[in-house]
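User: Please take a close look at one part of this model, the second largest pocket. What is its volume, and which residues line it?

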Amino acid sequence: MVLSIIIPYYNGGKYTEELLDCLDPQVTDDVEVILVDDGSPEPFKTGYKWCKVIRKKNGGCASARNRGLEEAKGNYIAFIDADDMVPSYFVEKLFEKMLGNYDIIDFSWKSLDNQGNQHNYVLYFDSDRLPNPSVCTRVFKRSFIGNIRFNEKKDSTEDEDFSRKIGYLYRTDYKHGSITEYMYFYRTSLENSKVKRFKLGLMKTKRIVYYHRYVTSDMTKLLEEIKREDEQNEVWLLTDRCDIPEMKRYCQIHKPIRMWAHYLRGEHTDFVAIIPPPIRAQVILYAEYCGVVGGITTFIYNFCYFMRKYYDIMVVFEKMDPVHIRRLSELVKIEQYDKNQSFACETLILNRLTDKIYQNILHRQSIQICHACRQINYRIPKDRDILINVSQAAKNSWGEESADGLIVHNFAYVKKEKCLFLVSATRTKTIDKGENDNRMKQLAEKLTAEGIKFFWLNFADKALDNMPKGFVDMPSMPDIHAFIAKADYLVQLSDKEAYSMSILEALCLNTAVICTPFPSAVEEGVKDGENGYIVPYNMDFDVKKLLKVPKFRYKYNNDEIIEQWRGLIGEKTMPIQKPKNTGNIICQKKYYDTVLKKTIYPGDRITVSEDRAELICNMGYARRG
């Protein structure tokens with residue numbers, strides 16, 4: 001066997017098929033192709049009989065190449081990554097050059113497309129050598145490799161480590177040849193490529209750069225430290241002079257140049273740009289923005305609430321209401337999107353059809369959720385791995401665009417939380433009520449500060465200013481018994497009251513009372529902790545106790561009061577006449593009714609006493625209906 005081609009594979013998909021299609025007419029009996037499937041979720045299959053497929057447990061590119069070396073029988077070894085490409089003359093040119101019995105053959109290479117980082121290395125003469133360590137841009141004689149293998153502790157830059165072990169970048173004591181034609185084409189624009197993942201800090205292997213202006217022969221501790229780091233990381237030493245020759249076996253040595261690193265050690269330098277480590281989670285929910293209310297906002301919260309016990313979840317947003325930031329941060333990790341920060345996850349969930357997949361959010365699969373029925377200005381993105389519709393109705397509305405979509409209904413999350421219903425009926429902005437207005441505001445603020453939800457209807461003649469959310473000003477009404485009956489508390493916080501009618505009505509309706517300690521409250525029957533709470537005038541009390549609403553039965557004897565009044569007035573001396581009312585008056589002219597205290601408009605039907613009906617009709621404002 002003359003040539004063994006080793007292809008480490010992990011989810012290469014269509015790119016690998018294109019590569020094999022290119023190799024098919026080039027493969028002869030002197031060429032073997034070994035594809036090592038490094039534990040892809042879907043095992044690789046091909047119809048080409050000449051392609052030997054070996055499936056193994058996932059261990060990284062280094063372990064896949066080492067497995068290929070174990071199986072290889074060729075005198076020369078070529079490495080091709082599964083998502084790259086070679087020309088139609090790849091094998092022919094190699095066979096021609098191998099006649100020279102070279103130990104290593106370098107060849108020209110470049111980027112395959114016009115996207116991503118662009119590369120174009122051209123060799124013009126047989127003496128030209130490549131400066132990069134890649135094993136894919138050169139071919140090795142099997143005997144030159146010997147027992148040297150790739151470092152399986154490194155999940156990236158294993159080529160650089162391999163190059164130093166063999167020494168082909170700095171040794172000159174081997175037979176070297178070059179092929180000037182382009183022999184290798186890199187796909188540099190792949191979204192999830194290992195090169196991009198390495199730079200973003202998403203691999204175990206990191207780039208560590210040391211800077212020392214001079215490395216003297218006595219800096220043995222530095223040598224030992226770099227030795228240790230080289231076991232898993234890519235190590236660079238930037239220096240103007242290195243007096244330890246052994247150092248080149250454990251790191252790349254270079255004059256100070258501008259470059260990036262994950263960590264910088266040694267002396268300070270402005271040459272090196274530090275790339276922060278990625279923020280990781282198993283699942284990332286991305287949302288361009290979350291409003292105060294809305295289906296997407298609710299879905300994200302409910303998803304985090306129910307799924308957090310199964311997965312490590314992070315929410316990444318661009319704009320979000322502060323209330324939701326606080327709520328979500330109590331459940332999961334939450335980060336504002338930053339183009340200079342990398343993120344990494346297994347699953348990326350996008351919630352709007354307009355959401356973009358940013359290159360610094362790396363993921364293994366993407367899920368697009370369609371929360372809406374079809375709208376003419378929107379389209380379902382085609383570059384997502386999975387499409388989920390929140391209902392059959394939503395899926396149906398999109399027609400063919402959603403044909404492959406799944407249906408997963410939204411989560412139902414209902415939090416059983418106490419919301420106090422308060423009612424007050426009092427005059428406001430008046431001297432005789434003392435500090436009642438201020439105390440009402442203090443109570444509302446104390447409830448808000450403790451996070452206690454409340455709904456407070458204040459029936460008053462004048463509205464209060466700058467009250468917290470939940471406080472609602474209502475107009476004065478003569479009959480609010482229905483509201484008091486439904487309320488948790490009737491609130492009356494005056495300095496003093498001769499006899500509070502609203503408190504009496506509340507107690508009779510078995511509605512608890514919150515009041516200040518004016519004497520008549522006790523006289524009416526308010527008992528602290530039994531049928532209400534008597535709070536101090538300075539409002540210094542634990543508002544959380546109000547969450548325990550007293551339940552009670554209150555009895556009030558109107559018969560005794562009736563007898564008291566009858567004793568004062570005496571026995572009746574004339575028959576009781578009931579007022580006669582009519583509802584048959586229809587307004588003809590606009591006028592202000594001084595009894596009803598409101599403007600009456602033409603066409604309005606009103607109910608007044610018979611005497612007033614006669615008066616209004618005689619004045620020409622109304623007629624009998």
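Analyst: The pocket comes next, followed by a short note on cysteines.

This is a predicted model, in which local features need pLDDT of at least 70 and side-chain atom pairs count only at pLDDT 80 or more, while totals for chains, interfaces and linings use all residues. Residues are numbered from 1 along each chain as its sequence is written, and side-chain values use heavy atoms, with hydrogens and water left out.

The second largest pocket has a volume of about 990 Å³. A pocket here is an open set of points on a 1 Å grid over the protein atoms alone, where a 1.4 Å probe fits, with protein on both sides within 12 Å along at least five of seven lines; lining residues have an atom within 4 Å of a point. The volume is the space filled by probe spheres set on the points.

The lining of this pocket holds 24 residues, and V323, R326, R327, E417 and K453 are the closest to the pocket centre. Helices α8 (295-307) and α9 (322-329) and strand β28 (453-459) each supply at least two lining residues; helices (H or I, at least four residues) and strands (E, at least two) are DSSP runs, numbered from the N terminus. By class, the lining has eight nonpolar, eight polar and eight charged residues. Asp, Glu, Lys and Arg count as charged, Ala, Val, Leu, Ile, Met, Phe, Trp, Tyr, Cys and Pro as nonpolar, and the others, Gly among them, as polar.

As for cysteines, the count of disulfides (pairs of cysteine sulfur atoms within 2.5 Å) is zero. The cysteine sulfur nearest to that of C61 belongs to C136, 7.4 Å away.
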